[in-house]
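Trainee: Could you take me closely through one part of this model, the place where the two domains meet, together with the helix beside it? I would like one connected account, with the cut-offs stated as you go.

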Amino acid sequence: MRIKIVSKPSSQILEIVQKIISTAKSQGFEIDEQNPDIIIAVGGDGTLLKAIKLNKPVIAIKAGRRGFLMDVNPESIDEVFKRLKENDYKIQEYPLLETNICGISSLAFNETGILADQPETILLTLSFLNSEIQIEGDGVLISTPQGTTGWSLSATGNILYGINAMEVAFINPVLSPLRSIVLPPTEIKVKVESKGYPQKIRVTSDGDLLKVINEGSEIKVKLSPKKAIIYRFFDIDPLRRILNGDK
């Protein structure tokens, strides 16, 4: 079995990476940067996002400031490789968002953002199910359940916990009682309306810029049939970690 390690270049994490490499080789695994079977993410949730984008099953080793979705502590590396060899783990699937805009298609693990590029409000019309609403503010985030533990949580204080749904979070809405809406899996269309002068709007996927667009553009976001796969060796409860300060 071939593995690839994704991590940040820090002295603390380098020690963990070296332990992973030596343990993997001693258990008969091969380090392969080009064609791995499994990705090992060493760090926090940001490192996990990078690993997920490689479209392989991921093992999540916590070594960062925030690791709500990381289940393996560094002292358990020996145990993890023994159990991996014996297929003694759970397979957990996570939904992905598919974003389509101007011929560009992208998958997001956490959220898609439609955001003002300048310090000014933007006007957006959102269409979903049989409803259409218009919101003015700094933008919106459309999040997966796991994505609500991050950026969306900071914006609204809400978490989607144990349900198959999407959250639309409004960033600093103007004169609106709504902070977010929870929807069943569906397609959401977001149209950038004109305020009477040219504006630029950033469309992001997990914080990475997809495209800068202008008024009149339309973005479509829905849950993808594809899933992100994480091999779980220990139970994880993101809600408890958030309430306990990620302990």
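Mentor: What follows begins with the domains, moves to the helix and its annotated residue, and ends with the salt bridges elsewhere.

This is a predicted model, in which local features need pLDDT of at least 70 and side-chain atom pairs count only at pLDDT 80 or more, while totals for chains, interfaces and linings use all residues. Residues are numbered from 1 along each chain as its sequence is written, and side-chain values use heavy atoms, with hydrogens and water left out.

The domain assignment divides the chain into domain 1 (2-88) and domain 2 (96-225), bounds of this kind coming from an automatic or database assignment. The C-alpha centres of the two domains are 31 Å apart. Six residues of domain 1 are in contact with eight residues of domain 2, where contact means heavy atoms within 4.5 Å. Between domain 1 and domain 2 an area of about 590 Å² is buried, 70% of it given by carbon and sulfur atoms; buried area here is the accessible area (1.4 Å probe) that two parts lose on being put together, summed over both. On the domain 1 side, Leu49, Lys53 and Leu69 supply 65% of the area buried against domain 2, more than any other three residues.

As for polar links, the count between domain 1 and domain 2 is one salt bridge, a salt bridge being a side-chain nitrogen of Lys or Arg within 4 Å of a carboxyl oxygen of Asp or Glu. The side chains of Lys53 and Asp206 form a salt bridge with an N to O distance of 3.5 Å. The count of residue pairs in polar contact between the two domains, with both residues at pLDDT 80 or more, is also one; a polar contact is a pair of N or O atoms within 3.5 Å, where within protein one must be able to donate a hydrogen and the other to accept it, and residues adjacent in sequence count only if both atoms are side-chain atoms.

Leu49, one of the three residues just named, is among the buried residues of helix H2, which are Asp45, Thr47, Leu48, Leu49, Ala51 and Ile52. Buried means under 20% relative accessible area, exposed over 50%, and partly exposed in between (1.4 Å probe, protein chains only). Because six of its eight residues are buried, H2 is largely enclosed by the rest of the structure, and these buried residues pack against E1, E3, E4 and E16. Helices (H or I, at least four residues) and strands (E, at least two) are DSSP runs numbered from the N terminus.

Asp45 belongs to H2, which covers residues 45-52, and UniProt, in an unreviewed entry, places the feature "active site" at Asp45. UniProt positions are given in the numbering used here, feature names are shortened, and annotations may be inferred rather than shown by experiment. With a relative accessibility of 18%, Asp45 counts as buried. Leaving aside residues up to four places away in sequence, Asp45 touches Arg66, Gly67, Phe68, Leu69 and Met70.

Leu69 also appears among the residues touched by Gln146, alongside Tyr94, Pro95, Phe109 and Asn110, again not counting residues up to four places away in sequence. Gln146 is in the loop between strand E10 (139-143) and helix H4 (151-156), and Gln146 is buried at a relative accessible area of 6%. A polar atom of the Gln146 side chain lies 2.9 Å from the backbone oxygen of Pro95, and a polar contact of 3.2 Å joins the side chains of Gln146 and Thr144.

Turning to the remaining charged pairs, the structure holds 10 salt bridges. One of them links Lys4 and Glu33, whose closest N and O atoms are 2.7 Å apart. Lys4 is in strand E1 (residues 2-7) and Glu33 in the loop between strand E2 (30-31) and strand E3 (38-43), so the pair ties together parts that are 29 residues apart in sequence. Lys4 is buried at 17% relative accessibility, whereas Glu33 is partly exposed at 41%.

Another salt bridge joins the side chains of Arg232 and Asp71 at 3.0 Å, N to O. Arg232 lies in strand E16 (residues 218-232) and Asp71 in the loop between strand E4 (58-62) and helix H3 (77-85), so this pair ties together parts that are 161 residues apart in sequence. Both Arg232 and Asp71 are buried.
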